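Me: Got a model I'd like to go through with you. Can we take it feature by feature?

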Amino acid sequence: MMFSVVALGLGFTSCTDYLEKAPESNISATDAFKNFKNFQGFTEELYNCIPEFDKGYWTNSWNWGEDEIMNSTTNYHMCYKVDQGDFWGWQSGYDGWQSGFMDRNGFDPSGDRFKHSLVPGCWYGIRKANMGLANLDKFIGTKEEKELLEGQLYFFRGWFHFQLMKYFGGIPYINEVLPSGQKLTLPRMDYDTVADSVARDFRKAADLLPVDWDATTPGRATSGKNQLRVTKLAALGYLGKDLLYAGSPLMNKTVHGKAEYDEAYCKRAAEAFGEALSLVESGSTGYGLLPFDQYSQNFYTMDQNGKIAGQTKDNSITEAVFRGPDYGWNDTNWGVSKQFFACCADMNNGGVLTTPTANYVNYYGMANGLPLDDPDSGFDPTHPWKGRDPRFYNDIRHDGEKLIKGTLSGDQEKYRYADLQTNGLYRDADKGSRTGYLLYKFIDNSCNKVDDGYGWSHHFNIHLPWMRLADIYLMYAEAVAEGTGNPNGSVKCPLTAVQAVNKVRTRAGVADLAEKNTASLELFMKELRRERAVELSFEGHRFNDLRRWLLLDKEPYNKKTSQEFKVVNLDKNNPNDEEVSGFSEKLILTRNFSEKHYWLPLKVSDTSLYPEFSQNPGW
């Protein structure tokens, strides 16, 4: 059952109409809530308020940290706008292409992937969740059925508030269905006040939701098709994330003027994460880290006829803790996969290209677990691709690697191997790599015109998770370390902070953290930040991590660089052993940020509604 309201076009302004709309104007006061089938049908639309940040447009931009750069002729995606300091660009009024996942004209939860966007979807979803909670007394069914419904409603009310406050800071917390015609005067609350309310929602959801929907009586009716439904693990994961954000330096500084972690919030976050991981570590949940040879299943599927990503091929292990619906499971072929094969006009006719920055690739250390700049790492700038973290080889393509397997015409044979050295065939600010690297974390090696990886016959589909288990391990480590002051401490889980990081590394075949890098909280946090950069690379986390850590405007995090070098010797059978000379970085741009860039600007039309809804400082 679908619930229709006035379409949300312009964020909070349109949301005014939506929030004030009489709930009885579109739906029977009882029919939608009288039994589990109807009430779950009502609740299902909350899932459709989640946008696909990875493919909500023909091409997409969701990494706004120092991690990637777009080709020089693409000036409308948010990645470019953030580089220029233009944070107004998230708004549909500043996006003539309507390409951003945060705001888009014509929001419609029942529409195609172009009709879903985050901010209007959050306001829509908050009201819908409140309507469901207000009508629970009309439900007639079993206790288990009611708990499943209630758990979903509390989860989504918390999740939608969290997504808004993550970007804009303190907002009004809405926990009731506002009467029709009521003038809005809801004040913006302090960040921690909203975070505490959101935490209560997630806590209630965690207490009500199951680990496995298939194991519930109502869930058995859709057994095998419940993978996208929210679970206890998702609620605990977001409970911890909400509290960790509240305890992070940016939020603590905004509320209390202290540019440091809030120990109390971090301890509470660690308890939530620890509770989640204790379930996982017991081995009874079906959740786990995917084997590294199936790591890419977290991000895309190929030749699997629309199978949901985030699970092993035999469905025995699930790493994706929370992901939204896939509104067009084969739409990746029409743009997104093309934006990563940055070569030349002969081999790629895509207009938008995305490449990883050299400064970010440098976070990928050595297989021995040490960062490149550690004197004991063994990194050799004359053989820069040798002995690296296995995730480097999974995520990044470097010079000399074979990229095309199929038949090439005589004059195109030169493109078979990546020529990414300075002035190489694959280096071009417009149609090639600007940085000396290519990003392959989300595409298969056959994703090029010749090998036809884009083709319908391959059913190639990118579908990134909002949260996966590796993220929870790393957030737990951060929360424990900052909450207890001890990297070797643990909270509600058998794993210490150090062991949680090592668990993620072990999956990838990387050595444990060196003892010298766990000797103090400061040294541990430095390595933890690097580990998050590598494990969660290009998945949309970095921009918000840099913001909450108060590093967004600090060097070197405000720089984007290219890798310059010349090939001395290349054995095409062993490209990782390539010898180069002149290995150095070149500055492409510096992002000139100030204090105001730590929060996105609200719409002027929204902040003009009433005095209590004020604009963020500096905007």
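Reply: Sure, what follows is a quick run through cysteines, rings, charges, cavities and one helix. Keep in mind that this is a predicted model.

Me: Cysteines, then. How many disulfides does the structure hold?
Reply: The count is 0. Take cysteine 447: the nearest cysteine sulfur belongs to cysteine 343 and is 14 Å away. A disulfide needs the two sulfurs within 2.5 Å, so cysteine 447 is in none.

Me: Is cysteine 447 buried or exposed?
Reply: Buried, because its relative accessibility is 0% and the cut-off for buried is under 20%. Cysteine 343 is buried too, at 1%.

Me: On to rings. How many aromatic pairs are there?
Reply: The structure has 53. One of them joins phenylalanine 155 and tyrosine 238, edge-to-face. Their centres are 6.0 Å apart, with 80° between the planes.

Me: Where do phenylalanine 155 and tyrosine 238 lie in the chain?
Reply: Phenylalanine 155 is in helix α5, residues 143-168. Tyrosine 238 is in helix α7, residues 232-246. That is 83 residues apart, so the pair links distant parts of the chain. Both residues are buried.

Me: Now tyrosine 300 and phenylalanine 460. Why does that pair count as tilted?
Reply: The planes meet at 45°. Tilted covers whatever is neither under 30 degrees nor over 60, so this pair falls in that class. The ring centres are 5.1 Å apart.

Me: And what does that pair tie together?
Reply: Parts 160 residues apart in sequence. Tyrosine 300 belongs to strand β2 (residues 300-301). Phenylalanine 460 sits in the loop between β6 (438-439) and β7 (461-462). Tyrosine 300 is buried at 10% relative accessible area, and phenylalanine 460 is buried at 0%.

Me: Charges over rings next. Which ring does the charged end of arginine 388 sit over?
Reply: That of phenylalanine 392, at 4.3 Å from the ring centre. Arginine 113 also has its charged end over a ring, that of tryptophan 58, with 5.2 Å to the centre.

Me: Switching topic. What is glutamine 563 in contact with, leaving aside neighbours within four places in sequence?
Reply: Its contacts include Ala358, Asn362, Arg427 and Tyr437. Phe583, Ser584 and Glu585 are also among them. Glutamine 563 lies in strand β9, residues 559-569. The residue is buried, with 1% relative accessible area.

Me: Cavities? How many of 30 Å³ or more?
Reply: A search of the whole structure turns up 4. The largest holds about 240 Å³ of space.

Me: Which residues lie nearest the centre of the largest cavity?
Reply: Lys166, Tyr167, Gly540, His541 and Asn544. They are among 20 lining residues. α5, α7 and α15 (542-548) each give two or more residues to that lining. Recall that phenylalanine 155 is in α5 and tyrosine 238 in α7.

Me: Last one, helix α13. Why call it largely enclosed?
Reply: Because 9 of its 12 residues are buried. The helix spans residues 497-508. The buried set includes Ala497, Val501, Asn502, Arg505 and Arg507.

Me: What do the buried residues of α13 pack against?
Reply: Three helices and a strand by label: α11 (390-395), α12 (469-484), α14 (521-535) and β8 (467-468).

Me: And what comes just after α13?
Reply: Glycine 509, which takes a positive phi of about 80°.

Definitions and conventions:
Residues numbered from 1 in each chain as written. Predicted model: local features only at pLDDT ≥ 70, side-chain atom pairs only at ≥ 80, totals over all residues. Heavy atoms only, no water. Buried < 20%, exposed > 50% of the residue type's maximum accessible area, 1.4 Å probe, protein only. Phe/Tyr/Trp six-rings, centres within 6.5 Å; stacked < 30°, edge-to-face > 60°. Helix = DSSP H or I, 4+ residues; strand = E, 2+ residues; numbered from the N terminus. Lys NZ or Arg CZ within 6 Å of the ring centre and 35° of its normal. Contact = heavy atoms within 4.5 Å. 1 Å grid on protein atoms, 1.4 Å probe; cavity = no way out; pocket = protein on both sides within 12 Å on 5 of 7 lines; lining within 4 Å. Points joined across faces, edges and corners; volume = space filled by probe spheres on them.
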